[in-house]
Amino acid sequence: MILTDTHTHIYYEQDELNLLGMITRCVDQNIHRLFLPNVDIASQGMIDKLVQAYPAMCFAMAGLHPCSVKENYELEIDQIKAHVQTQKIYAIGEIGIDLYWDKSTLTIQREAFARQIEWAKAVNLPIVIHCREAFDEVFEVLEGYADAGLRGIFHCFTGNIEQANRAIELGFYLGIGGVVTYKKSGLDQVLSEISLDHIVLETDSPYLAPVPFRGKPNESSYLIHIANKLTEIYQVDLAKIAEITTANSKLIFGI
Ligand SMILES: [Zn+2]
C-alpha cells in the first residue's frame, strides 16, 4: 500500500532529527510520496535541501503563494524560475488567490496567478491552486485559460457541491485534507456525491491538523487520519483509498 501526501510543507522543519522522525513516521504509515508546494524564493531553497536528502520520496513544486504576492511579484517569480531551471519540478504551486488574509492585493494576486498559469502551460505542468474566500475570482482567471492543458489540484478543497463540480469540469482534482475530519465542515456530505476518481489526499502540514490532532502542529504522517475518514465516507477499505488516490496523484504529477 502506498499513500501520497500531495501537499506538505514538511521542509519548514529545519531540525534534522525532528525531520527524520517525521519521515520515519510517514514510512510506518505507508506514506511514501510527499509533494512539496512552494511559497516564496526563501522556501524554494528549503525544498531543494529536502529533495536532495530524500530523492525517492520528496518531489518539488515551484511557485509564488498568493499571500506572498507583493508589488515586486514579477521579479520574485523570475527568481523562482531561475532557481529551479536545472531542477526537476512536478507542478507550479502553490498559486492562486487568498482574500481571507488580504483583500487589498487582489489585483496583483490575480496578475501573479495568471502569469504562473501561463508558466505552467509553457512547461506543460499541472498547477496546485490555493483558493481561500476567492472561488469566483479564481474561476474567473481559470476560465480564461481553460483547455486540455489546464489541469491540477484545488488544494485544501472545502467548497460546496457546485464548486466541486465546476473544478472537476475544468480538469481539476480536489485536494482533501484535515478539514474533512472536522465535525461541522460538511465536506463529508459533499464528498459523498463526488467519485474517488477526482480526489487526492493532502495534509498541508504544518497547518490544519486532522482530528484527533486538531489545533496542534500537523505532520505528513497524520495523512492516515484523513485516509481513514475517507474509508467511512466511501465505504471502502484503506488499501482501496490508497490505490485510487495515489493513482490519481500519478496522473496529475506524472510520477
Ligand atoms: Zn500549502
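This is a short talk about a zinc site and a sheet in a predicted model.

Okay, ground rules. Residues count from 1 along each chain as its sequence is written, and side-chain values use heavy atoms, leaving out hydrogens and water. Local features need pLDDT of at least 70 and side-chain atom pairs 80 or more, while totals for chains, interfaces and linings use all residues.

So, what holds the zinc ion? His7 (NE2), His9 (NE2), Glu94 (OE) and Asp204 (OD) coordinate the zinc ion at 2.1 to 2.6 Å. Donors here are N, O and S atoms within 2.8 Å of the metal (3.2 Å for Na, K and Ca), and with no water among the atoms, sites may look incomplete. Along the chain the spacing reads H-x1-H-x84-E-x109-D. Why is the arrangement called irregular? Because the four donor atoms subtend angles of 87 to 174° around the zinc ion; tetrahedral would need all angles between 85 and 135 degrees, and square planar needs opposite donors over 155 degrees apart and all others between 65 and 115. Both His7 and His9 are buried, meaning under 20% relative accessible area with a 1.4 Å probe, protein chains only.

Now the sheet. Five strands (DSSP E runs of at least two residues) form an open, parallel sheet, ordered 4-5-6-7-8; pairing takes at least two DSSP bridges. Strand 4 (92-98) and strand 8 (199-201) are the edges, each pairing on one side only. Strand 4 pairs with strand 5 (residues 127-132) over six bridges, in the parallel sense. In that pairing, Ile92 stands opposite Ile127.

Methods
Four donors count as tetrahedral if all angles lie between 85 and 135 degrees; four count as square planar and six as octahedral if opposite donors are over 155 degrees apart and all others between 65 and 115; anything else is irregular. Buried means under 20% relative accessible area, exposed over 50%, partly exposed in between (1.4 Å probe, protein chains only). Helices (H or I, at least four residues) and strands (E, at least two) are DSSP runs, numbered from the N terminus.
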